[in-house]
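Me: I would like to go through this model step by step, with the terms explained as they come up. Please take my questions in turn and end each reply on what I asked for.

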Amino acid sequence: MFAAERRQLILEMVRANGAVSLRELARVVQTSEVTVRRDVRALEAEGLLDRRHGGAVLPGGFTRESGFPQKSHLSTAEKTAIADLAAGLVGEGEAIVVGAGTTTQELARRLARIPGLTVVTNSLLVAQALAHANRVEVVMTGGTLRGSNYALVGSGAEQSLHGLRVSRAFISGSGLTAERGLSTSNMLSASVDRALVQAAAEVVVLADHTKLGSDTMFQTVPTELITRLVTDEPPVHDERAATELQALADQGVEITVAGSGSDAPAGDALPQGRQPRRDMPLPGQRRTQGGPGGLGPQLRSAAALADGPVERGRVADLRRR
């Protein structure tokens with residue numbers, strides 16, 4: 001493929017998806033990441049796109065949100081690895097909330113194997129992934145369906161979460177920075193994500209390396225409220241993503257990285273030379289858990305769940321030793 005053809009294809013992918021990683025671009029155009037980086041630099045010089053941490057985005061400062069069909073085909077290997085690690089944080093009998101997104105959908109497929117679990121979600125895709133899990137109770141929020149990501153949003157979704165208490169929240173977003181925390185491109189989605197976080201004692205963010213350093217319009221979770229980040233290992237050349245990870249670690253966020261090299265413990269390392277402090281404290285618990293109690297039908301609204309006591313989920317000690 002000639003350079004002009006490669007660059008046209010790269011430009012079309014960025015315009016269609018809003019943000020694409022260098023790794024994904026290299027796979028599609030069947031060339032090296034070094035060549036793709038050179039193409040992206042040339043397109044940026046023409047003002048056709050902006051370079052970001054390990055990828056390229058639409059010009060204009062903030063990345064826009066892609067639709068589900070586009071996002072579902074991006075960074076699939078990374079999302080799978082992240083979901084595998086995140087599922088390991090959940091124990092039998094816990095009550096958790098899971099937000100909308102393609103990565104959280106992958107997580108839900110793995111949660112189906114954990115008995116006694118209660119999952120509160122505003123995502124139709126998460127609920128669908130758990131629909132046939134015999135020993136998992138699925139609790140749906142109310143709200144208005146947002147078709148672009150198959151999520152329930154609006155005041156109905158937020159009100160149904162009032163009074164809810166669970167062990168931890170698993171959420172994703174469009175961008176993550178140490179300075180501003182997790183953010184998303186849609187106001188309604190951001191508002192529901194904030195309500196999900198308020199219901200949890202701990203907050204686990206699932207974000208692949210292409211989102212590190214990206215800043216989108218609406219903040220959902222400030223950095224000081226993020227307990228743990230589960231991400232994939234940035235490419236060796238992506239110094240900015242590694243620097244962002246270190247900045248998050250310096251602010252007390254526990255970092256779990258999928259796809260680490262053989263020289264480091266799997267799922268608990270940064271690229272060589274970018275290790276977080278192993279004695280860094282876990283952010284203090286910011287909310288109290290609800291008391292023990294029974295749970296009702298296999299599928300019901302979050303409002304109905306909030307009316308009564310919620311079984312206290314087991315909160316694992318995530319502190320580094």
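Reply: Before the first question, one term is needed: buried means under 20% relative accessible area, exposed means over 50%, and partly exposed lies in between, with a 1.4 Å probe and protein chains only. This is a predicted model, in which local features need pLDDT of at least 70 and side-chain atom pairs count only at pLDDT 80 or more, while totals for chains, interfaces and linings use all residues. Residues are numbered from 1 along each chain as its sequence is written, and side-chain values use heavy atoms, with hydrogens and water left out.

Me: Is Arg27 buried or exposed?
Reply: Arg27 forms a salt bridge with Glu24, with 2.6 Å from N to O, where a salt bridge is a side-chain nitrogen of Lys or Arg within 4 Å of a carboxyl oxygen of Asp or Glu. Its partner Glu24 is buried, with a relative accessible area of 10%. Arg27, at 55% relative accessibility, counts as exposed.

Me: In which helix do Glu24 and Arg27 both lie?
Reply: Helices here are DSSP runs of H or I with at least four residues, strands are runs of E with at least two, and both are numbered from the N terminus. In general, an α-helix has 3.6 residues a turn, so residues three or four places apart point the same way. Glu24 and Arg27 are 3 residues apart, about one turn, and the helix that holds both is α2 (residues 22-29).

Me: Which residues does the salt-bridge network that includes Arg109 join?
Reply: Arg109 forms a salt bridge with Glu106, the closest N and O atoms being 2.4 Å apart, and because the two are 3 residues apart in helix α6 (residues 102-111), about one helical turn separates them. Arg109 counts as partly exposed at 41% relative accessibility, whereas Glu106 counts as buried at 17%. Salt bridges that share partners form one network, and the residues joined in it are Asp84, Glu106, Arg109 and Arg110.

Me: How many salt bridges does a search of the whole structure find?
Reply: One further example is the pair Arg51 and Glu44, whose closest N and O atoms are 2.7 Å apart. In this pair Arg51 is partly exposed, with a relative accessible area of 31%, and Glu44 also counts as partly exposed, at 26% relative accessibility. For the whole structure, the number of salt bridges found is 12.

Me: How far apart are the end C-alpha atoms of helix α3?
Reply: The expected span of a helix is 1.5 Å times one less than its number of residues. Helix α3 (residues 33-45) has 13 residues and should therefore span 18 Å, and this agrees with the distance between its end C-alpha atoms, which is 18 Å.

Me: Which residue with a positive phi follows α3?
Reply: Within α3 itself, Thr35, Val36, Arg37, Asp39, Val40 and Leu43 are buried. The residue that follows this helix has a phi near 75°, and that residue is Gly47.

Me: Which are the edge strands of the sheet ordered β1-β3-β2?
Reply: Two strands pair if DSSP finds at least two bridges between them; β2 and strand β3 (residues 55-57) run antiparallel and are joined by 3 bridges, and Arg52 has Gly55 in β3 as its bridge partner. The sheet is open, with 3 strands in the order β1-β3-β2 and antiparallel pairing. Pairing on one side only, the edge strands are β1 (19-21) and β2 (50-52).

Me: Which strands stand at the edges of the sheet ordered β10-β11-β13, and why is one side of each left without a neighbour?
Reply: Strand β10 (residues 175-177) is joined to strand β11 (residues 181-184) by 3 bridges in an antiparallel arrangement, and a hairpin of 3 residues connects the two. β11 also pairs in the antiparallel sense with strand β13 (residues 218-221), again over 3 bridges. The 3 strands form an open sheet in the order β10-β11-β13. Each edge strand has a single partner strand, so one side of each lacks a neighbour in the sheet, and these edge strands are β10 and β13.

Me: In β13, what is the bridge partner of Leu182?
Reply: On the β10 side of β11, Gly175 has Ser183 as its bridge partner, and Thr177 stands opposite Gly181. For Leu182, the bridge partner in β13 is Val221.
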